[in-house]
Amino acid sequence: MKAYRLIIAALVASLFTCSCTAWLEVENPTAQPIEEYFTTEEHLTEALVAAYDPLEWTDWSCGQYNPINILFEILGDNVWVGGSDRTDMKIWHDAADFDAHPVDCIASVWTEAYSGVKRCNDCIQYIGWVKGLPEEKAKTIEAQCLVLRCFYYSWIWKLWGSAVYYDTNLLPPYVGDQFSADEMYEKIITDLQKAIDLKALPMKWSGDEIGKVGTATAYMLYAELAMYQNDAQRLPKALEYMKEIITSGQFSLNPDYAELWTEEGEWCSETIFDINYKSENQERSYDWTMGAGGTWIPQLISPNNYSADGYRGGWGFCPVRTKTVNMFADNDARKAATCFHATSSYNVRYQDTGYFLEKYVAKDAYHGDTGASDCAFGNNIRYYRYAETLLNAAELVIAGYGTGESEKWLNEVHQRSIPGEKIEATLENIKTERHLEFVGEGKRYFDLVRWGDAAKVLVAEDDENFTVASDKGRMGNWTEAHKYLPIPLSEIDASNNTLKQNPAYL
C-alpha cells in the first residue's frame with residue numbers, strides 16, 4: 001500500500017533558496033503574523049508536515065543531485081559513479097576518489113538537513129502557542145520533531161562530522177557554535193533519548209498515519225548512531241531497543257525479497273521507515289523541486305537510452321561493480337533483486353559493467369503520467385528495514401553487549417534469500433550478510449568505517465570488466481583524515497569564517 005503522503009500546505013511551504021542563510025529568512029505568505037497563525041491544531045499540523053518535507057529533497061534540490069541513499073552508496077565499494085565521464089557529476093567522482101574539494105563539492109544535503117532542523121525547531125516552538133492542545137497530542141508532535149531533528153543532524157554528522165548544532169533557531173547574523181564530531185554525536189543521541197523517553201510514539205503507525213516516524217524508527221536511529229560511534233556505554237541500550245522491536249510482534253521479514261522493491265512491497269511488514277515518494281498526481285518538477293511527488297533516483301541510476309520489458313532508460317550513473325555481482329551465490333534471491341543485467345541495447349557510458357541497481361532501476365510500473373517525466377517515479381527510499389534490526393541485534397550480541405538469539409536472527413535474514421542454508425553467528429558472517437542484504441541502501445560505507453575495514457577495502461582500484469577497457473575505477477585511497485567530506489566553502493564564507501574546515505581540506 002502506498003503511504004500517506006505528507007503534503008505541505010501552501011501557507012507553510014516557504015520555498016528556501018540554497019544559500020547558507022537565506023532559508024532562515026522566511027517571508028510570511030500572509031499578512032497574519034506567525035504568532036497568530038500557528039495557534040490552532042490545524043496550523044500546527046501544517047508545521048509538522050513542513051518538518052517532514054526536506055526528507056524528500058536530497059535527490060534533486062539546491063542545484064545538485066544527491067539522493068541520500070545513493071550518495072552514501074558511492075562512498076563505499078558496491079557501485080561506480082558512472083555518467084558520461086569523470087567530469088559528469090564531478091562532485092561524486094571526487095568524493096568516491098577521496099579527493100573532494102571545498103569549492104565544488106557535495107553541498108546540497110548540508111542545506112537540506114539544516115532546513116529540516118529549522119522546521120523541526122519551528123514546530124516545537126509553535127506547540128506552546130496552541131491553547132487547549134491536549135497534552136498527549138503535544139507530546140506526540142514534539143517527539144516526532146525531536147526524532148526528525150536527530151535524523152537530519154545524523155546526515156550532517158555522518159558526512160561532515162564537525163558542524164553547528166542548535167535546538168532553538170538562530171537569530172541574525174545566524175552564526176552558531178561549531179562542535180566537534182564527538183560533541184555532535186553526544187548532542188544528537190541525547191536529544192534522541194529525550195524523544196524516546198517521552199513515550200509518545202507508537203512502535204509502528206498504521207492507516208493514514210503510515211509515513212510518520214515511530215518508536216521503532218527512533219530505536220533504529222539510536223542503534224545506527226551508537227554503532228557508528230562505537231559507543232560501548234550505549235550499545236547495550238541499542239541491543240535492548242533492537243530486542244524490543246523484535247519482540248513487539250509488529251514487524252517481520254517480507255517472505256519475498258524481490259517484492260520489497262515493488263510498489264506492493266512498500267510499507268509492508270518489514271518496513272520500519274521509508275522516505276516516501278508518489279507518482280500519482282505528482283507536482284515536482286525542475287521548477288519546483290520541493291513540491292510533492294516522485295523522485296529522480298531511477299532516472300539517475302538506469303542505463304542510458306534503454307527500453308525493454310517494462311524497463312526505462314536513465315542517465316547511466318551508479319553501475320554496479322562486477323565484484324558486487326559476483327559476491328552473490330547463484331541461488332541467492334538477492335542477486336537478481338539487486339543486480340539488473342541490461343541485456344538489450346543501450347548507450348554505454350563511463351565505468352559501465354552492464355549491471356545496474358535493480359532495487360531502484362527505472363520501470364514503467366513505478367512511473368506516473370503527470371508532472372516532469374524525469375522525476376515521476378514513485379520509488380520510496382527504503383531507509384530502515386526489519387532485516388537491519390535482526391542483523392544489528394545479532395552483531396551486538398556477538399560483540400558482547402548483551403545476550404540473545406544471534407544465530408536465529410542472522411539465519412532469519414540469510415534463509416529468507418537462501419532457504420535451508422544455515423550459517424554460524426560470527427562477526428565475519430554478519431559482515432558478509434549485511435553486505436549482501438543492503439547493496440544500494442547506503443549502509444556499506446559506514447559499516448566499513450565503524451568496523452575499521454575502510455582503509456583496506458576502499459582503495460584505488462580498477463574493475464577488470466569495464467565495458468570500455470580504458471575506463472578507470474577508484475583513483476584514491478581512504479584514510480581516517482577523509483572520513484568526512486569538506487565543509488562547503490560557501491558555508492564557511494557565509495559564516496564570516498567562524499565555521500572551521502575539516503583539517504584534511506585546509
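1. Lys-422 is exposed, at 58% relative accessibility. In this predicted model, Lys-422 forms a salt bridge with Glu-407, with 3.2 Å between the closest N and O atoms. Lys-422 belongs to the loop between helix 14 (406-417) and helix 15 (427-437), whereas Glu-407 is in helix 14, so the pair ties together parts 15 residues apart in sequence. Glu-407 counts as partly exposed, its relative accessibility being 31%.

2. A second pair joins Asp-59 and Arg-284, whose closest N and O atoms are 3.0 Å apart. Asp-59 is in the loop between helix 2 (41-52) and helix 3 (68-74), and Arg-284 is in the loop between strand 3 (271-275) and helix 10 (297-301); the salt bridge therefore ties together parts that are 225 residues apart in sequence. Asp-59 is buried, at 0% relative accessibility, and Arg-284 is likewise buried, with a relative accessible area of 0%.

3. A third salt bridge links Asp-97 with Arg-86, the closest N and O atoms being separated by 2.5 Å. Here Asp-97 occupies the loop between helix 4 (90-96) and helix 5 (108-127), while Arg-86 is in the loop between helix 3 and helix 4, so parts eleven residues apart in sequence are tied together. Asp-97 counts as buried because its relative accessible area is 11%, under the 20% cut-off.

4. These pairs belong to a wider set: 38 salt bridges are found in the whole structure. One network of salt bridges links Glu-270, Asp-332, Arg-334, Lys-359, Arg-385, Arg-416, Glu-433, Glu-437 and Glu-441. With regard to charge overall, the protein chain has 44 positive and 75 negative charges, and their mean positions are 3 Å apart.

5. The protein chain contains 18 helices and six strands. Its radius of gyration is 22 Å, close to the 23 Å given by the globule rule for 506 residues, so the chain is as compact as a globular protein of that length. Along the principal axes, the C-alpha atoms fill a box of roughly 65 × 50 × 50 Å.

6. Of the 506 residues in the protein chain, 62% are buried. The accessible surface is about 18900 Å², and carbon and sulfur atoms account for 50% of that area. Among contacts between residues at least 6 apart in sequence, 72% join residues at least 24 apart.

7. Gly-378 is found in the loop between strand 5 (355-357) and strand 6 (381-385). Its relative accessibility is 1%, so Gly-378 counts as buried. The C-alpha atoms of Gly-378 and Ile-91 are separated by 26 Å, and the two residues are 287 residues apart along the chain.

Terms used:
Residues numbered from 1 in each chain as written. Predicted model: local features only at pLDDT ≥ 70, side-chain atom pairs only at ≥ 80, totals over all residues. Heavy atoms only, no water. Helix = DSSP H or I, 4+ residues; strand = E, 2+ residues; numbered from the N terminus. Rg over C-alpha atoms; globule rule 2.2 N^0.38 Å. Buried < 20%, exposed > 50% of the residue type's maximum accessible area, 1.4 Å probe, protein only. Contact = heavy atoms within 4.5 Å. Areas by Shrake-Rupley, 256 points an atom, 1.4 Å probe, with all protein chains shown as cover. Lys, Arg positive; Asp, Glu negative; His and termini not counted. Charge placed at Lys NZ, Arg CZ, Asp CG, Glu CD. Salt bridge = Lys/Arg side-chain N within 4 Å of Asp/Glu carboxyl O.
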